[in-house]
Amino acid sequence: MLRVLHCIYDDPDNPWVGGGGALRVRELYRRLVGEVEATVATGAFPGAADREIDGIHYRRLGLPRPYAASRLTYGLAATRLLARGDYDVGLFDYSVYTPIRLPRDRPVGLVVHMLHGPTAGGRWGAPGAALVNRVEVAGIRSARWISTTSRWMVEQLQPLVAPGTRIVPVGSGVPPEFTAVQREEADHFLFYGRLDIYQKGLDTLLAAFARFRADHPGFRLVIAGRGKDEAELVEMIRESGLASAVELIPRPARAQVLTLMAGALAMVMPSRLEGLPMAPAEAMAAAVPVIASRVGAVEEIVISGSTGLIVPPADPAALAAAMSRLAADADLRAAMSAEARRSAARFSWDTVARAHLDYLRAIAGDVGSYSPAPSSA
């Protein structure tokens with residue numbers, strides 16, 4: 001049986017960072033039990049403990065708090081584990097903000113969802129962006145094997161990798177419970193995802209909703225998720241004067257998310273940067289139209305005019321106009337709802353898991369040529 005060590009700081013229960021990458025790892029390995037013995041090494045966080053979940057061994061590394069120390073000490077511990085651990089294949093869900101160094105003489109690959117360097121200037125300024133880009137590219141060039149979830153990301157990586165590096169597309173999927181959602185529209189737009197104000201564009205969302213609600217006072221905005229910016233977001237909502245119309249639901253249970261999707265007029269995802277985000281695919285599987293910004297591989301999921309609307313990033317006026325368009329046109333919402341569910345059928349976790357297993361076997365054997373199994377990427 002193939003022994004896999006998969007390093008990813010995120011975890012579905014991590015109060016700071018528990019996004020789609022962490023859920024993807026769990027969905028993959030729970031489908032490969034019996035063929036793969038998987039150990040997932042995540043960062044520690046308050047309440048975290050080593051345990052087995054769905055046949056996957058979870059190991060927590062580093063300090064449990066505060067967030068910055070947790071992330072730094074995780075990187076140091078994971079670097080040691082990749083260098084000295086007993087495994088057949090090692091993987092690192094790559095983030096420039098997780099300081100892990102790959103060993104040169106071990107069968108290790110990367111999983112790359114997005115690059116932070118190209119958009120780091122908006123968060124850190126020019127000097128910070130230059131440093132982020134330099135460190136990020138160095139990490140990419142250290143890998144012999146890279147998998148990524150989108151065609152768009154394959155194109156971004158090709159000029160960055162070292163000669164001979166294999167880039168393999170392995171997509172993502174949608175849990176089947178989203179396809180069982182029965183639509184019953186209520187009065188709200190929904191954001192569901194990580195509470196990261198800059199990356200997810202939550203400041204843009206609040207500004208857009210303020211514009212929209214000036215002409216449509218009967219509608220609400222629900223923001224559901226978990227993340228490091230929860231406290232700051234609470235303060236932003238209070239200062240915006242929208243507290244009576246914006247509901248923040250931190251750390252929602254899955255059943256609650258499904259209920260929110262059932263009633264949402266649309267899912268709103270105004271991100272500044274993304275790879276292949278699965279929250280809009282989950283919404284589409286639940287037959288919810290999606291309004292998303294044109295970043296990363298979003299347009300590989302959302303088909304503008306068919307399953308939702310695409311708007312420029314960081315543009316509150318365009319986002320408000322898209323919300324107004326859907327709020328005013330029930331027939332358009334119904335058509336997009338039906339097409340969204342049909343389109344989301346291409347995101348199958350079982351197919352993706354087989355492609356991921358092929359990627360693992362290729363790294364373990366370090367074969368010279370590689371033909372990946374079909375995937376949603």
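Let's start with two helices: α6 and helix α7 (residues 230-240) pack at an angle of about 20°, and their axes lie 11 Å apart. This is a predicted model, by the way. Angles under 35 degrees count as roughly parallel, so α6 and α7 are roughly parallel to each other. The crossing of α6 past α7 is right-handed.

Who does the touching here? On the α6 side we find Leu-202, Asp-203 and Leu-206, and they meet Leu-233, Met-236 and Ile-237 of α7. Sorted by class, that contact has five nonpolar residues, one charged residue and no polar ones.

Now over to the sheet. Strands of a sheet pair through backbone hydrogen bonds, either parallel or antiparallel. In this one the pairing is parallel: six strands build an open sheet, and reading across you get β11-β10-β9-β12-β13-β14. At the edges sit β11 (246-250) and β14 (308-311), each paired on one side only. Going from one strand to the next, the twist averages 20°.

Zoom in on the β14 end. Strand β13 (residues 290-293) runs parallel to β14, and four bridges join the pair. Look for Ala-292, which stands opposite Ile-310 in β14.

Back to α6, because that helix (residues 202-215) also packs on the sheet, where it touches β9 (188-194), β10 (220-226), β11 and β12 (264-269). The direction of α6 makes about 165° with that of β10. Helix α8 (residues 254-263) packs on the sheet too, touching β9, β10, β11 and β12, and its direction makes about 145° with that of β9.

Key: Residues numbered from 1 in each chain as written. Predicted model: local features only at pLDDT ≥ 70, side-chain atom pairs only at ≥ 80, totals over all residues. Heavy atoms only, no water. Pairing = 2+ DSSP bridges. Axes fitted to C-alpha atoms, helices over the stretch in contact; angles between N-to-C directions. Contact = heavy atoms within 4.5 Å. Parallel < 35°, antiparallel > 145°, perpendicular 65-115°, else oblique. Left-handed = near helix turned anticlockwise from the far one by under 90°. Nonpolar A, V, L, I, M, F, W, Y, C, P; charged D, E, K, R; others polar.
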